[in-house]
Every structure is written in C-alpha cells, then in structure tokens.
Amino acid sequence: MSTSTTASVSTHILDTSVGRPAEGVAVLLSARTGRQADWRALGGSATDADGRCKDLPDLPEGTTQVRLDFAVEPYFEESAKKQADAQQDAPANRDSGAVFFPEVAITFAVNPGEHYHVPLLLNPFGYSVYRGS
C-alpha cells in the first residue's frame, strides 16, 4: 500500500479495428478537487508507438476526480489515409468520411495513494474503457 498523498494516472490506446496500438493520439489530463470544483488542465502527452502515454503530469494533492481527453479524430484521419487502398470497402470509408467520435472524454474518481491505469479500446464507431492494472 502506498503512503503517497496523491493518486497517479497512466493510459494506453489499442485500435481494435486493426489490432494495434494507436500511436500519436494527443491526451489531455485534467483534475478537480470535488464534483462542484472547476476542472484544471494539468497538461498532456501523446501516445507512443506502443499506444502508451508515459509522461502524463502528476496529480495535485486533493484531487478527487480526473478527466482524460483523447483527441482521436486526427488519428483516424491519418489512419484512413494509410488504409484507403488496402480496405476500399471498410466501414471507415463507407460514410461521409467524418469521424463518428472526434474525441473521447473519460472522467473517473480517484483516491490518494492509488494508481489508475485507464486503457482505451478504440475503433472508428465505438470505444470501451476500463480500470486496468
């Protein structure tokens, strides 16, 4: 058990439509000290080749809620360019070309001294998150 007075956060993204990590997705970390408090942007990072953000900012003392904002639209636009020839009839290309979920915002509660790993499983038309280990 940790004796730290702050929680810590990490994340990674797997693009389930291709079975690979999602590289280059911008992630913004925000925190607040209660349900009624204002959100405070702490900073961000981008996913690496393994789909992980290894350098998210530390949470300030007193943080009770955290929000991760994933900017997935640029990732899918770039991904669509790379896959256009290989998958001409893929669902990502069947609609107007607009990204269905341009961003994903995940909000969760934290307790001091605990680590929270929040993986994002992503595809062009849906996503899932869970508390990892």
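What share of the contacts in the chain with a separation of 6 or more comes from residues 24 or more positions apart? In this predicted model, such residues account for 67% of those contacts.

The chain contains 2 helices and 9 strands. Read from the N terminus, the elements follow the order β-β-β-β-β-β-α-α-β-β-β. The two helices are thus placed together in the series, with six strands before them and three after them.

Burial and surface were computed for the whole chain. Of its 133 residues, 35% count as buried. The area exposed by the chain is about 7,800 Å², and 48% of this area is supplied by carbon and sulfur atoms.

Strands of a sheet pair through backbone hydrogen bonds, in either a parallel or an antiparallel manner. In the chain, an open sheet of 4 strands is found, with the order β4-β3-β6-β7 and antiparallel pairing. Its edge strands are β4, residues 40-46, and β7, residues 104-109. Each of these edge strands pairs on one side only. On average, neighbouring strands of this sheet are turned by 20° against each other, with direction ignored.

One pairing within the sheet can be followed down to single residues. Strand β3, which spans residues 26-32, is joined to β4 by 6 bridges, and these two strands run antiparallel. For S30, the bridge partner in β4 is A41. In the order of the sheet, β3 stands between β4 and β6, while β6 in turn stands between β3 and β7.

Terms used:
Residues are numbered from 1 along each chain as its sequence is written. This is a predicted model: local features need pLDDT of at least 70, side-chain atom pairs count only at pLDDT 80 or more; totals for chains, interfaces and linings use all residues. Side-chain values use heavy atoms; hydrogens and water are left out. Buried means under 20% relative accessible area, exposed over 50%, partly exposed in between (1.4 Å probe, protein chains only). Contact means heavy atoms within 4.5 Å. Accessible areas come from the Shrake-Rupley method with a 1.4 Å probe; for residues, only the protein chains shown count as cover. Two strands pair if DSSP finds at least two bridges between them. Axes are lines fitted to C-alpha atoms, for helices over the stretch in contact, and angles run from 0 to 180 degrees between N-to-C directions.
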